[in-house]
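This report covers two topics: how the two protein chains meet, and how they meet a DNA strand.

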Protein chains: 2
Amino acid sequence: MSSEKLKNTGLKITSARLAIFRIFENAPDKHLSAYDIQDLLKEEDIDIALATVYRVLGQFEEADLIQRHDFDDEKALYELHDGKQHDHMVCERCGNVTDFFDGEIEKRREDLLASHGFTLSGHRLVLYGVCSSCAN
Amino acid sequence: MSSEKLKNTGLKITSARLAIFRIFENAPDKHLSAYDIQDLLKEEDIDIALATVYRVLGQFEEADLIQRHDFDDEKALYELHDGKQHDHMVCERCGNVTDFFDGEIEKRREDLLASHGFTLSGHRLVLYGVCSSCAN
DNA sequence: TTTATTGCAAAACCTTTGCATGTAT
DNA sequence: ATACATGCAAAGGTTTTGCAATAAA
């Protein structure tokens with residue numbers, strides 16, 4: 001249940017936080033910007049100031065409920081942090097983001113980072129290409 | 001020589017373009033922001049408006065002289081486009097960028113993109129971790 | 001009632017753009 | 001002489017912040 005996870009963060013259970021968290025639960029595997037979230041809520045006649053959306057997103061990220069990604073030079077995208085690690089494939093044309101998991105590249109990635117003195121934090125790997133819709 | 005490559009772009013050879021291109025040639029493997037470039041030039045008592053730096057960077061990128069990267073939510077970084085393909089390792093704490101090349105992950109990347117209907121464009125792959133300086 | 005949260009407006013920040021002036025060809 | 005580059009100031013877009021009003025504990 002939504003409020004359970006929220007309570008564990010120590011944050012107060014407010015309607016804004018519940019509404020925003022519900023958006024993520026209803027859109028798993030989606031990558032949403034602060035504007036996307038505000039728009040989705042507006043469709044339900046829920047009006048939340050953008051400043052609040054940003055603040056709540058920051059708090060959720062701090063609490064490891066969601067992950068923030070800066071894939072391109074546009075808006076930051078957020079997604080539910082579900083524990084299952086996965087990486088991302090980003091279309092350089094339209095910005096479309098596709099999740100994937102690959103054990104082999106995963107292992108290689110760990111070796112590479114380690115051999116350069118990097119330690120793992122999170123598991124982020126991003127591949128850039130052009131998606132099929134944009135390729136024609 | 002600098003002016004050779006510049007001439008091939010069809011752009012006029014101006015002092016601003018020469019100065020900016022020289023910065024890149026003198027700092028291979030470095031990833032510089034527009035501000036970095038302006039600062040480096042200021043140290044040589046060369047004053048170029050930020051708007052010009054941005055415009056020139058855009059033109060250089062268009063001409064494939066340099067590459068633009070948006071690794072995080074901060075400033076865009078530019079580096080010389082030397083032909084040798086390589087990927088990047090980014091420290092999530094300090095933003096430090098390290099180049100690397102790995103044939104195995106390279107091949108795996110191509111397979112992965114293809115199997116998801118993505119086509120290659122450029123060869124961008126980014127690993128995120130924490131560098132040794134930030135790890136302590 | 002005490003403390004945290006929200007909304008609003010304004011600011012911060014990077015990046016782009018309009019326009020008049022200056023420079024390369 | 002013509003076309004393109006530059007500087008300046010202003011605007012654009014996303015994200016953050018100050019502060020008074022409001023809601024959660």
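Which oxygen of DNA strand D lies 2.8 Å from a polar side-chain atom of B:Arg17? It is a sugar or linking oxygen.

This is a predicted model: local features need pLDDT of at least 70, side-chain atom pairs count only at pLDDT 80 or more, and totals for chains, interfaces and linings use all residues. Residues are numbered from 1 along each chain as its sequence is written, chains are lettered from A and ligands numbered from 1 in the order in which they are written, and side-chain values use heavy atoms, with hydrogens and water left out.

**The DNA contacts**

Two further protein atoms lie within polar-contact range (a pair of N or O atoms within 3.5 Å) of strand D. The table lists them with B:Arg17.

| Protein atom | Oxygen of DNA strand D | Distance |
|---|---|---|
| A:Lys75, polar side-chain atom | phosphate | 2.9 Å |
| B:Arg17, polar side-chain atom | sugar or linking | 2.8 Å |
| B:Ala49, backbone N or O | phosphate | 3.0 Å |

The elements giving two or more residues to this surface are α4 (50–62) of chain A, and α2 (15–26) and α4 (50–62) of chain B. Helices here are DSSP runs of H or I with at least four residues, and strands are runs of E with at least two, numbered from the N terminus. The largest share, 4 residues, comes from α4(B).

In total, 20 residues surround strand D; a residue counts as near if one of its heavy atoms lies within 4 Å. A:Tyr54, A:Ala76, B:Thr14, B:Arg17 and B:Thr52 come nearest. The surface has 11 nonpolar, 2 polar and 7 charged residues. Here Ala, Val, Leu, Ile, Met, Phe, Trp, Tyr, Cys and Pro count as nonpolar, Asp, Glu, Lys and Arg as charged, and the others, Gly among them, as polar. Of the strand D atoms within 4 Å of the protein, 71% belong to sugar or phosphate; the rest belong to bases.

**The protein interface**

Chain B puts 35 residues in contact (heavy atoms within 4.5 Å) with 35 residues of chain A. The two chains bury about 3,100 Å² between them, 60% of it on carbon and sulfur atoms. Buried area is the accessible area (1.4 Å probe) lost on putting two parts together, summed over both. B:Phe118, B:Arg124 and B:Tyr128 supply 20% of the area that chain B buries against chain A, more than any other three residues.

Charge pairing also features. The chains share 5 salt bridges, each a Lys or Arg side-chain nitrogen within 4 Å of an Asp or Glu carboxyl oxygen. One joins A:Glu104 to B:Arg108, with the closest N and O atoms 3.6 Å apart.

Conventions: A polar contact is a pair of N or O atoms within 3.5 Å; within protein, one must be able to donate a hydrogen and the other to accept it, and residues adjacent in sequence count only if both atoms are side-chain atoms.
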